[in-house]
Amino acid sequence: MNIAIVGTGYVGLVTGTCFAETGANVICVDTNKEKIEALKKGVIPIYEPGLEDMVLRNTKAGRLRFTTSLEECLDEVSIVFSAVGTPPNEDGSADLQYVLNVARTIGACMNKYVLVVTKSTVPVGTAKKVKAVIQEELACRGVSVDFDVASNPEFLKEGNAISDFMTPDRVVVGVESQRAKELMTKLYRPFLLNNFRVIFMDIPSAEMTKYAANSMLATRISFMNDIANLCELVGADVNMVRAGIGSDTRIGRKFLYPGCGYGGSCFPKDVKALIKTAEEHGYTMRVLKMVEEVNEAQKDILFRKLSAFYEGNLKGKVIALWGLAFKPETDDMREAPALVLIEKLKAAGCVIRAYDPAAMDEARRRVGDSIYYARDMYDALLDADALLMVTEWKEFRLPAWGVIKKTMNRPVIFDGRNIYDAEELKELDIVYHCIGK
Ligand code: UDX
């Protein structure tokens, strides 16, 4: 099976590499020359556990190649996956220019049947647009070549991308022809050994599934953040409430963790895009609007707690931040709560000492040198008046409390991810505040 994957971002690179791992011949395409040159040398542009080894292994085996020219590989492949970016426009809608450019190139250069699969998260109706653009280009050339479009949204999580792709809960595929269905069945057959299901459906439903899934997960998180905030007011413990409701199989245990807000490239963008799609159809997504509002407020909850603790006198206070990425096991800082906190702390006149196991370079790029980038987690604590625990990396979970007490000016911890034990810290004379308790 010969396939091309256009876009070597997060989704494209993981998808291409994982298909190669199951034996397919994969060509990864990107217009960014430097990225492709680097990938050819085995240099991976993102931080994702396990990906580098897999890229090297499959490149060596000759199943994974990299190119800047989609035109040149079209004659070789039966499926083209489009995994290019769909960044948000200013109004929250998804910018489809990259997706439609890929379609244009395909229409302009294809000489034989190809199945064009959209893997990027795109609004309902995009496959139709992709089809129309390809038809337009073929008509311009005055040729008639058979092709199909399909939708195959990706559900992988950053930091866990390889295992999410190799053993997914389900694969969703939207098709409108038997030929497309057969090709996709064949491509995903190796994964069937892992006992998962390919769910075939019509294309608009597949496109909608991705937005509905991410919106539901974002809703759970905002709902739990609201519950956590109320728990604090009524003297309840959200950890107990979470355990209590999560054991109801209708609710389930996952994605019920309160914290300092969800971030990343998907939840914020997809929630906004779905609200926008609804508006375009004259409908208001009332629940989702509130989901967003709750999340925005939650991103500065640690700042509000800190400010209340120091009664608004934050000028000159040294504040340590542990965790800058939007979640552990990634260097991604898109929509990260840490960015909101840094802005608030800076505006209040705090001195910021930050540490993250993977996102230091990314933070320097985004935040510049207005904050101190610590050498390690304990260096961040030097003379600190408070520690804000923002991202629950494993190495933060069992810190040396003795060192913390010695290093900080005042041992005060605001835990945005509820990873520490309140009783233990009380015994150690460390002031401890968490979420929802
Ligand atoms: C998400 C979806 O999980 C994935 O299926 C989709 O394809 C892309 O979007 P990702 O953004 O990589 O994946 O991260 P995820 O692990 O889902 O976390 C998203 C955010 O929610 C993080 O900021 C995380 O800290 C937060 N979160 C998650 C919570 O606050 N509470 C939870 O219980 C779970």
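**Exercise 1. Classify N418 by its C-beta neighbours: is it buried or exposed?**

Step 1. N418 has 21 C-beta neighbours inside 10 Å. Step 2. The cut-off for buried is 20 or more. Step 3. N418 therefore counts as buried. All of this is read from a predicted model.

Now place the residue. N418 sits in the loop between strand 13 and helix 17 (422-427). Its phi is positive, about 50°, although N418 is not a glycine. Most residues other than glycine have a negative phi.

**Exercise 2. Do the same for D383: is it buried or exposed?**

Step 1. Count the other C-beta atoms within 10 Å of D383: there are 12. Step 2. A residue is exposed at 12 or fewer. Step 3. D383 is therefore exposed.

D383 belongs to the loop between strand 11 and strand 12. Its phi is positive too, about 60°, and D383 is not a glycine.

**Exercise 3. Work out the strand order of the open six-stranded sheet, and name its edge strands.**

Step 1. Start with strand 9 (residues 318-322), which pairs with strand 10 in the parallel sense over five bridges. I319 has I352 in strand 10 as its bridge partner. Between these strands the chain passes through helix 14 (residues 337-347), in a right-handed β-α-β crossover.

Step 2. Move on to strand 11. Strand 10 pairs with it in the parallel sense, over two bridges. Here A354 has Y373 as its bridge partner. Strand 10, helix 15 (residues 360-367) and strand 11 form a right-handed β-α-β unit.

Step 3. Add strand 12 (residues 386-389) and strand 13 (residues 412-415), a parallel pair with three bridges. L387 stands opposite I413 of strand 13.

Step 4. Assemble the order: 11-10-9-12-13-14, with parallel pairing. The edges are strand 11 (372-373) and strand 14 (431-433), and each of them pairs on one side only.

Step 5. Check what packs on this sheet. Helix 13 (residues 301-309) touches strand 12, strand 13 and strand 14. Its direction makes about 155° with that of strand 13.

Step 6. Check the cover on strand 10 (residues 351-355). Four of its five residues are buried.

**Exercise 4. What surrounds V412, and how does it classify?**

Step 1. V412 is in strand 13. Step 2. Leave out residues up to four places away in sequence; V412 then touches F309, D385, A386 and V431. Step 3. V412 has 19 C-beta neighbours inside 10 Å. Buried needs 20 or more, and exposed needs 12 or fewer. V412 therefore counts as partly exposed.

Step 4. Now look far along the chain. G107 is 305 residues from V412, and their C-alpha atoms are 61 Å apart.

**Exercise 5. Test helix 11 (residues 267-280): what should its 14 residues span at 1.5 Å a residue?**

Step 1. The expected span is 20 Å. The rule takes 1.5 Å times one less than the number of residues. Step 2. The end C-alpha atoms of helix 11 are 20 Å apart, which agrees.

Step 3. List the buried positions: F267, P268, D270, V271, A273, L274, I275 and T277. Step 4. Find their partners. The buried residues of helix 11 pack against helix 9 (203-234) and helix 12 (286-298). An α-helix has 3.6 residues a turn, so residues three or four places apart point the same way.

Step 5. Look past the end of the helix. G282 follows helix 11 and has a positive phi, near 75°.

**Exercise 6. Which strands pair with strand 1 (residues 2-6)?**

Step 1. Strand 2 (residues 25-29) runs parallel to strand 1, joined by five bridges. V6 stands opposite V29 of strand 2. The connection goes through helix 1 (residues 10-21), and this β-α-β crossover is right-handed.

Step 2. Strand 4 (residues 79-82) also runs parallel to strand 1, with four bridges. A4 has V80 in strand 4 as its bridge partner.

Step 3. Check burial: four of the five residues of strand 1 are buried.

**Exercise 7. Which residues does UniProt list for the C-terminal domain, and how far apart are the ends?**

Step 1. The unreviewed UniProt entry lists residues 320-422 for "domain: UDP-glucose/GDP-mannose dehydrogenase C-terminal". Step 2. The end C-alpha atoms of this span lie 19 Å apart. Step 3. Its content is 26% helix and 17% strand.

Technical notes: Residues numbered from 1 in each chain as written. Predicted model: local features only at pLDDT ≥ 70, side-chain atom pairs only at ≥ 80, totals over all residues. UniProt positions renumbered as here; feature names shortened; annotations may be inferred. Pairing = 2+ DSSP bridges. Contact = placed C-beta atoms within 7 Å. Axes fitted to C-alpha atoms, helices over the stretch in contact; angles between N-to-C directions. Right-handed = clockwise from strand over helix to strand, strands pointing away.
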